[in-house]
Amino acid sequence: MKLASLKGGRDGRLAVVSRDLTRAALADDIAPTLQAALDDWARVSPLLLALYELVEAETTATFRFRERDCASPLPRAFQWADGSAYLNHVELVRKARGADMPASFRDEPLMYQGGSDAFLGPRDPIPLLDERLGLDLEAEIAVVIDDVPMGLGPVAVRESIMLVMLVNDVTLRGLVPDEIAKGFGFFQSKPHSAFSPVAVTPDELGSAWDGGRLSLPLLSSVDGAPLGRPNAGADMNFDFGQLIAHAARTRPLSAGTIIGSGTVSNRGVDGGPGLPIAKGGLGYSCLVEQRTVEALTEGEARTPFLKAGDIVRIEMLDEERHSIFGAIEQHVEAR
């Protein structure tokens, strides 16, 4: 099934959305918010599924679904932990700031705890204080999980994955080097992220979902020009089971925790960092990767970071070219 949170109040109003993203029905008589549903998932999910089947059969009252009316599926969350599961991305962003990748990164995923007190809606503008801060998009996959006990292994934790969605993990590249150098992680360099209009249960993904990876291209563009279409299942060095188990190694995780994949990134056919779409490659899910490849191959980075007025779009299509999650589409807005 597909779920959305319509704007209204700090936590939105829960709605069930048709598979083709054209119609919806409010579900707030079942659970007022998505977080409330997640807190009682065993009891609530069958009721939501029954409503979803009525929406699909067109045997209940519905209204036109508009993605612009959506908040992120969880407008705020108890926890947002973002991994970095694609080592091609890790290598490239470290090269961009002149750092090598330690061998230990191949054995254990990177992860940071992001701000989750508020998220941008999928059509909300991205605020930009200063273009010199290097505003970048990061197109990712994320999962929403049930309660996970401390120390549960990577195979067992797969059963905790309740929902899947897309992410734009907004990053201010100009602030990253100094924050990393302090040895205490990201903070100012990671403003609010945005999530796709709908979150879907894994069964909606069919054979593209293997329990830990989603093997479909993740499409991103800036001002209508394609930026990336890497396959989210390829070159994912740590799957979601491994990411969740890593997060739960020393503490339990609460229902509604969001775990991100990190920027989706594929290597080139030669094992290198890959080519931009304009040169026949799969492109990149963030601008810093394209800039790094330009610096390596052309001597300097040519692609600018985001500026006021730019439009970022992130989407994933199924094998029949239908949008699965709806689109994250955000204007960059000077503040």
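1. A good place to start is the open sheet, where five strands lie in the order S8-S19-S18-S15-S16 with mixed pairing. The edge strands, S8 (126-128) and S16 (225-228), each pair on one side only. On average, neighbouring strands of this sheet are turned by 25° against each other, direction ignored. A few terms help here: strands (E, at least two residues) and helices (H or I, at least four) are DSSP runs numbered from the N terminus, and two strands pair if DSSP finds at least two bridges between them. Axes are lines fitted to C-alpha atoms, for helices over the stretch in contact, and angles run from 0 to 180 degrees between N-to-C directions.

2. Before going on, please keep in mind that this is a predicted model, in which local features need pLDDT of at least 70 and side-chain atom pairs count only at pLDDT 80 or more, while totals for chains, interfaces and linings use all residues. Residues are numbered from 1 along each chain as its sequence is written, and side-chain values use heavy atoms, with hydrogens and water left out.

3. Within the open sheet, look at strand S15 (residues 219-222) beside strand S18 (residues 311-315): the two run antiparallel and are joined by four bridges. Val222 stands opposite Val312 in S18.

4. Now follow the chain just past S15. Asp223 sits in the loop between S15 and S16, and has a positive phi of about 55° although it is not a glycine. Most residues other than glycine have a negative phi. Asp223 is partly exposed, with a relative accessible area of 45%; the term covers values between buried (under 20%) and exposed (over 50%), using a 1.4 Å probe and protein chains only.

5. Asp235 makes a nice companion to look up. This residue lies in the loop between S16 and helix H5 (240-247), and its phi, near 60°, is a positive value in a residue other than glycine. Asp235 is partly exposed too, at a relative accessible area of 34%.

6. Towards the start of the chain, strand S1 (residues 2-6) and S2 pair in the antiparallel sense over five bridges. Leu6 has Arg13 in S2 as its bridge partner. The hairpin of S1 and S2 has six residues between the strands, and Gly8 there takes a positive phi near 155°.

7. Strand S2 (residues 13-17) is mostly covered, with four of its five residues buried. S2 also runs antiparallel to strand S3 (residues 23-26), joined by three bridges, and Ala15 stands opposite Leu26 in S3. Five residues separate S2 and S3 in their hairpin, and Leu21 in the turn has a positive phi of about 65°.

8. Helix H6 (residues 287-298) offers a simple check. At 1.5 Å a residue, its 12 residues should span 16 Å, and the end C-alpha atoms are 16 Å apart, which agrees; the expected span is 1.5 Å times one less than the number of residues. Buried residues in H6 include Leu287, Val288 and Gln290. Just after H6, Gly299 takes a positive phi of about 90°.

9. Finally, the second largest pocket holds about 360 Å³ of space. Of its 21 lining residues, the closest to the centre are Gly268, Gly274, Leu275, Pro276 and Gly281. A pocket is an open set of points on a 1 Å grid over the protein atoms alone, where a 1.4 Å probe fits, with protein on both sides within 12 Å along at least five of seven lines; lining residues have an atom within 4 Å of a point. Grid points are joined across faces, edges and corners, and the volume is the space filled by probe spheres set on the points.
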